[in-house]
Amino acid sequence: MKKMERRNFFKALLGGAASMGFIHPSRKSRIFPEVLLNTPNETGVLVQILGTAQDGGLPQIGCYCKNCLRARKNARYSRLISSLALLDLQEKKYFLLDATPDIRLQSDMILDRLMVEKRGKKNAPHAILLTHAHIGHYTGLMFYGYEAMSTQRLPVHCTSRMGRFLSENGPWNQLIRLKNISLHTLLPGKEFSLTPRISLTPFLVPHRDEYSDTLGFRISGEKRKLLYIPDIQSWKAWNRSIVEETERVDVALLDGTFYSSEELPGRDISKIGHPTIKTSLKTLGRVAKKGKTQIYFTHLNHTNLALDPEGDARKEITDRGFRLASDGKEFFL
Ligand SMILES: [Zn+2]
Ligand SMILES: [Zn+2]
Ligand SMILES: [Zn+2]
C-alpha cells in the first residue's frame, strides 16, 4: 500500500465505523433508544457488542492476507477487538466486560448509545470485568491511568490470580498505586449484582494460562440471559457441558477464533487451542436447531474463513442456524 493509500485507509476505518452509526451518530441514530422502547421485548438492560475480532484485531498489523486486505479496502469489513458493554439504561450506568486496545473507539460507541453529553466529566465505566491476561482483553486499562483519563478507584473485577498479575507487574501496578483502579476479586461460580437489573456469574474455563486463569460469564438481565465465552481451549477440556450451558441462556456468544484447521496449514490441530467453528457446529447443532438459544461466534481471527461474506464457511454457519457476531450488535436482556 502506498503512503497516501494507507492514510486514506485509516481515515476510512474511522469514517466507516462512524457510518455504521456508533462513533458520531447522526440525529437519526440518537433517537434509536426511544424507538426500541416501543418494542415488546424492551427491558432496561442492554448488552452491546463492542468488538468481535481476536486479540490482534482485523486487519491485523502488517498482514496482507485476503481478509486483512478486504478489511483495509472497506472499513465495513474491519472489526474491533472482542469485548462487551453492559448497560443499565434506567440508571445510565455502563460496565465493560474486558478492556481492549481499541477501547477509545469502543468507549465512544457506548457513550453515544447512552446519549451521554457531560462535557468536562470523565464518563468512565462504573466498573470493568476482566476475563484474562491476554493482550486483547486487559491492556485497554492503560487508558484509565495517569497518562490518559486518570480515573479514581475505578472498580476492576477479576480473579485473584489476574489481580496478582496486575499488582505485581508494571505498568499495571501503577494504576493500583495511584488509585486509578481498585481491584475486586471475583469468585468463580458465585453470582453477584452490578445493578438491581444486572447480575453476573463468572466461571473458569481452560485456556493458555501463562499469566492468569480465564473466565467466561453468564449475564442475567430482567428477562433474558447471555453466555459469553470468547476464549476457551476446547469444549471437551471444560468441566461443564457446553450443550447444557447454551440451553440455559437466550443468547450465547462463543469462541469462534478459527473456522477450521484448514486456515492454518501445517499446524497441529490438537495444538490450536480453540474449538473450531466446524466443531462447534457439530457439538451444538441440536441446540441451534431447537431455536430457543441464538448462538453467535465471536473473537474471530484474521485468518477465519467465515470472514468472507460470500464464502462457503459463512453459508454453512447460517444454514445450520448459527450466526456470526458483528460489532455494534445489541441484545436486550
Ligand atoms: Zn483472546
Ligand atoms: Zn490477515
Ligand atoms: Zn486468550
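Trainee: In what order do the strands of the open sheet that contains β10 lie, and what makes them count as paired?

Mentor: The order is β7-β8-β9-β10-β11-β12-β13, seven strands with mixed pairing. Strands are DSSP runs of E of at least two residues, helices are runs of H or I of at least four, and both are numbered from the N terminus. Two strands pair if DSSP finds at least two bridges between them. β12 and β13 run parallel and are joined by two bridges, so they meet that requirement. Within this pair, Phe 297 stands opposite Leu 324 in β13.

This is a predicted model, in which local features need pLDDT of at least 70 and side-chain atom pairs count only at pLDDT 80 or more, while totals for chains, interfaces and linings use all residues. Residues are numbered from 1 along each chain as its sequence is written, chains are lettered from A and ligands numbered from 1 in the order in which they are written, and side-chain values use heavy atoms, without hydrogens and water.

Trainee: Why are β7 and β13 said to stand at the edges?

Mentor: β7 (192-193) and β13 each have a single partner strand, so one side of each is left without a neighbour in the sheet.

Trainee: Which strands stand at the edges of the sheet that contains β3 and β4, and what is its order?

Mentor: That open sheet has seven strands in the order β6-β5-β4-β3-β2-β1-β14, again with mixed pairing. Its edges are β6 (181-185) and β14 (330-332); each has a single partner, so one side of each has no neighbour in the sheet. From one strand to the next, the twist averages 25°. Between β3 (residues 93-97) and β4 (residues 127-129) there are three bridges, in the parallel sense, and Phe 95 stands opposite Ala 127 in β4.

Trainee: Why is the site of the zinc ion (ligand 2) called tetrahedral?

Mentor: The donors, meaning N, O and S atoms within 2.8 Å of the metal (3.2 Å for Na, K and Ca), are taken without water, so sites may look incomplete. For ligand 2 the protein donors are Cys 63 (SG), Cys 65 (SG), Cys 68 (SG) and His 302 (ND1), at 2.1 to 2.4 Å. Four donors count as tetrahedral if all angles lie between 85 and 135 degrees; four count as square planar and six as octahedral if opposite donors are over 155 degrees apart and all others between 65 and 115; anything else is irregular. The angles among the four donor atoms of ligand 2 are 102 to 114°, and the site is therefore tetrahedral.

Trainee: What makes the site of the zinc ion (ligand 1) irregular?

Mentor: Its protein donors are Asp 55 (OD), His 137 (NE2), Asp 231 (OD) and His 299 (NE2), 2.0 to 2.2 Å away. The angles among these four donor atoms run from 84 to 175°, so the tetrahedral limits are not met, and the site is classed as irregular. Asp 231 lies in the loop between β10 (225-229) and α9 (242-247) and His 299 in the loop between β12 (294-298) and α12 (312-319), so the pair ties together parts 68 residues apart in sequence.

Trainee: How do you know whether Asp 231, His 299 and Cys 65 are buried or partly exposed?

Mentor: Buried means under 20% relative accessible area, exposed over 50%, and partly exposed in between, with a 1.4 Å probe and protein chains only. Asp 231, at 2%, is buried, and so is His 299 at 1%. Cys 65 has 23% and is partly exposed.

Trainee: Which residues are the protein donors of the zinc ion (ligand 3), and how far is that ion from ligand 1?

Mentor: His 132 (NE2), His 134 (ND1) and His 207 (NE2) are the protein donors, at 2.1 to 2.2 Å. The zinc ions, ligand 3 and ligand 1, are 3.5 Å apart. His 132 has a relative accessible area of 1% and is buried; His 134, at 11%, also counts as buried.

Trainee: What places Lys 329 in contact with Gln 48?

Mentor: Contact means heavy atoms within 4.5 Å. Leaving aside neighbours within four places in sequence, Lys 329 is in contact with Val 47, Gln 48, Ile 49 and Tyr 296. Lys 329 and Gln 48 are 281 residues apart in sequence, yet 6.0 Å apart from C-alpha to C-alpha. At 31% relative accessibility, Lys 329 is partly exposed.

Key
Axes are lines fitted to C-alpha atoms, for helices over the stretch in contact, and angles run from 0 to 180 degrees between N-to-C directions.
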